[in-house]
Amino acid sequence: MTTSTTLNTTYQDIFKTENGKTYLSALPKLEKITSGQSFLYRQNGAPSMVIDIRLTNDIDAAYLQQSVYKSLQRYPYLTSQLVEKDANYYLSKNDRPLIVAETDQLRALGSDEVNQHLIDVTFSEKTIFIAYHHAIADGRGIMPFVETLLYYYLGYKSNTWPEIEHINLSDDTMSEDEMLEPLENLESQPISETNKMPDLNHRGYQLLETKGQDATKSSYRCRNYYGASNSKSLS
């Protein structure tokens, strides 16, 4: 009980940080879920994308949990849960803690097993698994969190804290734009000569429906739509 209470207290501290306050103030302004909507209607719960990180030593559960909470101070919106209202889904604050677990089986995102979180961090022997739902981040959007998590985990393990360019730390300021719904304006756009289906560019990598939406290029929820210029690397 003491461990559980401590974990919950530490989790609640995330929302007391400046980034946490920014997240809470932005929540009422967020639009309904459009990107990732297709992932909501599946049998047996919400499917997840998974990143597995293989290290050379067995994973330390305490350091991993500490690293998760430290990283979430920079990305508090990754603690969100989905709520349904009038057949639409919205992101909402989740008061239940995000707790890592040792298992080689992926847990169902959005279920009571993970306290209804849309992201889950588990481990088995030398491997860390980070599962996430597309409604909260896409592949490129989740990578900054992964980099921050690894930075803190390896830092706690080795007690060394090198300066690494482009890695966001817990007290770095987040932007509300990271939480933007990139596809929120699609339905409201009337068909006209200016937004007809463009000619296919066979060398392009951009989805047609997002072409020209410069206002949401910083969104972490659909970063893949905007090309490699937003990506970061640990190298």
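What follows looks at confidence, one helix pair and one aromatic pair in a predicted model.

Residues are numbered from 1 along each chain as its sequence is written. Local features need pLDDT of at least 70 and side-chain atom pairs 80 or more, while totals for chains, interfaces and linings use all residues, and side-chain values use heavy atoms, with hydrogens and water left out.

On pLDDT (the predictor's confidence in each residue, from 0 to 100), the protein averages 79, and 70% of the residues score at least 70. Residues 186-191 sit below 50, with five contacts (heavy atoms within 4.5 Å) beyond near neighbours in sequence. Where pLDDT is low, the predicted coordinates should not be read in detail.

Now for the helices, taken as DSSP runs (H or I, at least four residues) numbered from the N terminus. Helix 3 (residues 61-72) packs on helix 4 (residues 139-158) at about 135 degrees, axes 8 Å apart; axes are lines fitted to C-alpha atoms over the stretch in contact, and angles run from 0 to 180 degrees between N-to-C directions. That makes helix 3 oblique to helix 4 (not under 35, over 145, or 65 to 115 degrees). Among the residues that meet are Y63, L64 and V68 from helix 3 and F145, L149 and Y152 from helix 4.

The structure also holds eleven aromatic pairs (ring centres of Phe, Tyr or Trp, its six-membered ring, within 6.5 Å). In one, Y11 and Y69 have ring centres 5.9 Å apart and planes at 50 degrees, so the pair is tilted (neither under 30, stacked, nor over 60, edge-to-face). Y11 lies in helix 1 (residues 2-13) and Y69 in helix 3, so the pair ties together parts 58 residues apart in sequence.

Methods
Helices (H or I, at least four residues) and strands (E, at least two) are DSSP runs, numbered from the N terminus.
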